[in-house]
Amino acid sequence: PSEEEEEPVTGKKLNLSIAPNRTGNATLLKYNLIEAGPVQIVLSDYTGRQLAELHTASEQAAGEYQLHIPLERYAPGIYVVTVVRPSGKDSVRVVKH
């Protein structure tokens, strides 16, 4: 394959999913890293204000991961979970009832 065909892989999304996504006390984030590197996962309110750092790894191998996210201490509303890595960030919305 040529370099042009390989380029899109660099910016590939993490295939984020979160379930259940109308939740009460907790939810489960699933993500797939296509390359090793540092990872930070944060929880923000819908205005973008960071509420919690859920996970930090100075180096995380490529592969599939799951992270349990407790939400019992937060009021009902819409929240955003963001996975940050050197090549960019991806976010998914979660609704707490």
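Student: Which residues does Thr-23 touch, leaving out those up to four places away in sequence?

Tutor: Thr-23 touches Leu-71, Val-94, Val-95, Lys-96 and His-97. Each counts as a contact because heavy atoms lie within 4.5 Å.

Student: What sort of model is this, and how are residues numbered?

Tutor: This is a predicted model, in which local features need pLDDT of at least 70 and side-chain atom pairs count only at pLDDT 80 or more, while totals for chains, interfaces and linings use all residues. Residues are numbered from 1 along each chain as its sequence is written, and side-chain values use heavy atoms, with hydrogens and water left out.

Student: Why is Thr-23 called buried or exposed?

Tutor: Buried means under 20% relative accessible area, exposed means over 50%, and partly exposed is in between, with a 1.4 Å probe and protein chains only. Thr-23 has 3% relative accessibility, so Thr-23 counts as buried.

Student: Where along the chain is Thr-23?

Tutor: In the loop between β1 (17–19) and β2 (26–33). Strands here are DSSP runs of E with at least two residues, helices are runs of H or I with at least four, and both are numbered from the N terminus.

Student: What makes the pair Thr-23 and Ala-26 a polar contact?

Tutor: A polar contact is a pair of N or O atoms within 3.5 Å; within protein, one must be able to donate a hydrogen and the other to accept it, and residues adjacent in sequence count only if both atoms are side-chain atoms. A polar atom of the Thr-23 side chain lies 2.4 Å from the backbone oxygen of Ala-26, so the distance is within the 3.5 Å limit.

Student: What kind of peptide bond joins Ala-19 and Pro-20?

Tutor: A cis one, with omega about -5 degrees. Pro-20 also sits in the loop between β1 and β2.

Student: How many residues make the hairpin from β1 to β2, and how do you know that the two strands pair?

Tutor: The hairpin joins them through six residues. Two strands pair if DSSP finds at least two bridges between them. Three bridges join β1 to β2, so these antiparallel strands meet that rule. Ile-18 stands opposite Leu-29 in β2.

Student: Which strand pairs with β2 over eight bridges?

Tutor: Strand β5 (residues 63–70), in the antiparallel sense. In β5, Glu-64 is the bridge partner of Asn-32, and Pro-70 is that of Ala-26.

Student: What is the order of the open sheet of three strands, and why are β1 and β5 placed where they are in it?

Tutor: The order is β1-β2-β5, with antiparallel pairing. β1 and β5 each have a single partner strand, so they stand at the edges, with one side of each left without a neighbour in the sheet. In β2, Thr-27, Leu-29, Tyr-31 and Leu-33 form a covered face, whereas Ala-26, Leu-28, Lys-30 and Asn-32 form an uncovered one.

Student: What order do the strands of the four-stranded open sheet have?

Tutor: β4-β3-β6-β7, again with antiparallel pairing. β4 and β7 (88–96) are at the edges, because each has a single partner strand. Strand β6 (residues 77–85) pairs with β7 over nine bridges, and one partner couple there is Tyr-79 and Val-94.

Student: What makes Leu-54 partly exposed, and where is Leu-54?

Tutor: Leu-54 is in strand β4 (residues 50–60). The relative accessible area of Leu-54 is 25%, so Leu-54 falls in the class between buried and exposed. Beyond four places in sequence, Leu-54 is in contact with residues including Val-42, Leu-67 and Val-81. The C-alpha atoms of Leu-54 and Val-42 are 5.3 Å apart, though the two residues are 12 residues apart along the chain.

Student: What does the whole chain come to?

Tutor: One helix and seven strands, following the pattern α-β-β-β-β-β-β-β. Of the 97 residues, 34% are buried.

Student: How do you know which element has the lowest mean pLDDT?

Tutor: pLDDT is the predictor's confidence in each residue, from 0 to 100. Helix α1 (residues 3–6) has the lowest mean among the elements, 38, and strand β3 (residues 37–45) the highest, 97. Over residues 1–11, pLDDT stays under 50. Where pLDDT is low, the predicted coordinates should not be read in detail. The chain has a mean pLDDT of 87, and 88% of its residues reach 70 or more.
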